[in-house]
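Please open the model in your viewer and keep the selection panel at hand. The tour proceeds from a single residue to the whole chain.

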Amino acid sequence: MKIGAILSRFRKQILMLFDVCALTVCYLAPWVLISGRAPYAQYSSLLVASCFLFVCCFEIVYGLMGMYDSLWRYAEVVEFFRLCTGSAIAIFLFVASSLLIFQGTGSQVPTSVYFLSAMFSAGVTMYSRLVYRMYRNVKLGKKGGQKARRTLLIGAGDAASTLLHEQFKKPSPDMNIICCVDDAPEKQGRYIMGIQIMGTTEDIPEIVEQCEIESILLAIPTMDEENKRRVLSICNKTKCNIKILPDIVKMITDGQDLASRIRDVKVEDLLGREEVQLSVRIAEFLRGKRVMVTGGGGSIGSELCRQIASCEPKELLLVDIYENSAYEIQQELRRKYGDKLDLQVQIASVRDSKKMDALFEHYRPEIVFHAAAHKHVPLMEDSPEEAVKNNVFGTFNVASSADRYGAERFVLISTDKAVNPTNVMGATKRVCEMIVQAMAQRSKTRFAAVRFGNVLGSNGSVIPLFKDQIACGGPVTVTHPDIVRYFMTISEAVSLVLEAGSMATGGEIFVLDMGKPMRILDLAENLIKLSGFIPYKDIQIVFTGLRPGEKLFEELLMDEEGLRKTENRKIYIGAPLKLNNQTFFDHLMTLKQIAYTNNSDNLVQALIDMVPTFHHKTNCGQEPA
């Protein structure tokens, strides 16, 4: 049997033997100090008896208080407090028993021995365990962290303290925490668990270079999103791998240790947007209703289905022309909800007005979310008639069926590209908004549109494209160094769409607060860094020029619409436009005839006639006036 195994097996006995020897020395030492040499011979009988009594008192108290059952490698403040308490009780017991036992012998233990032996014994027993704990942790830390990355910790609060405690107990093989930063002035230059706080978040680039840091860990789970975005932007100036420590409360709820919850920074973290939770209003709006989602297999449509399904609808009807994506979300919802969700999936095109009528007649949806659309700007420039057929008349077909079969609400998913459009896709979505507003003037159904910008990770967005280009070794293609876009996460956009739908009274264009715009170039550089590469060194970035119909900037609100607040600070309402219904629908029928003759030039001109703010350009490098 190995020595380590023997020590582990007889750990309790070895610790008791150590205490007996240590306590004996602690008791004899005061006698030596008092006399200046070995104790007088006349005190030998008293010395032996009192020493035996002293050791017995400590061993009995320690045993009863479980001091030999604790794993001192993992000892915390509670164990050391118990040790101090046990030492005090043992001293009191020794003093009381020695006064009683030795009272009639004519000799007494000197008072100074009581005080000194108490001090020595408490100190030695406590420090011996503390030294053992530190030795074990340092030894195991070196053993497990030889190849660990040199890590800078952001934050010196409760989360950082908990993480460092855990690191001492169970060192991570991937992380060697070297130093720390915190923005609190009173913490500068101080230490947390032996780790120095070397500066503030603004000092990160200099500290990274000075200490040869390889990895950065953000350990402030309670940091607001705006500050998180600021700190991550600073971190992105370095070449370090960046990770985030999630909320400790969620960690406790999930029952996982802290280190296992550390995750890589995602592009969503760089947006600096707060997480949106489904409100009670949304749940009440959808509960027990028959809900239809067109384009239900797409990025927005599938997330609509997920969040609607969680609100206990009476029936969820998913409509999509692409069977693969429809099948995927169908299987996902069936796995999660089983028979609890009445899910119907129909493969159909919104262009087919008869099919739409048949679906509405059979399922009688009460709430309709229309997300089906062609969205790729360059492709729609090459095929404008397809954009009109699918976007404009697909919307018209579904809206007409919703009106005809008495749906309560119809919510169109629109886009910021509908504002002062410079491309066919944006113009068609603007016509869709006009259809919604025109239908609202003559229908009992509450028609509304929700307009927002780009969503991260959606089909056709720049994120999947950048990831594919990075995986292939580059280059990453950006159209223009100054191009900016508004971004939000898919889940946030859908949550706000649902809430806006619950607010609709008819004819509104809801505008979602997209926050601050982000440069696409910054997004590309950040994504390269998050993938573990260095921009312009490991992965090149190439500028390809603005595509046909593409703008440097996107607006969210047209000048003539105005803007008013709602009870949700992230949702605004543009005032409905006054439309001449008869004239508008006449123009709409003319547009349809041109679209089905496949005359692209006449079709674009017809769109310009219908949408006065449509300025069709093949290369738009300036922000529209």
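Leaving aside its neighbours within four places in sequence, with which residues is Gln469 in contact? Select Gln469 together with Gly474, Pro475, Val476 and Thr477: these are its contacts beyond that window, contact meaning heavy atoms within 4.5 Å. Gln469 belongs to helix α17 (residues 462–471); helices (H or I, at least four residues) and strands (E, at least two) are DSSP runs numbered from the N terminus. Gln469 counts as buried because its relative accessibility is 14%, the limit being under 20% relative accessible area with a 1.4 Å probe, protein chains only.

This is a predicted model, in which local features need pLDDT of at least 70, side-chain atom pairs count only at pLDDT 80 or more, and totals for chains, interfaces and linings use all residues. Residues are numbered from 1 along each chain as its sequence is written, and side-chain values use heavy atoms, without hydrogens and water.

Next, display the open sheet of 9 strands, ordered β10-β9-β8-β11-β12-β13-β18-β22-β21 with mixed pairing; two strands pair if DSSP finds at least two bridges between them. Its edge strands are β10 (343–347) and β21 (564–565), each pairing on one side only. Now select β11 (residues 367–370) and β12 (residues 409–413), parallel strands joined by 4 bridges. Phe369 has Val411 in β12 as its bridge partner.

Finally, show the whole protein chain, which contains 21 helices and 22 strands. Of its 625 residues, 50% are buried.
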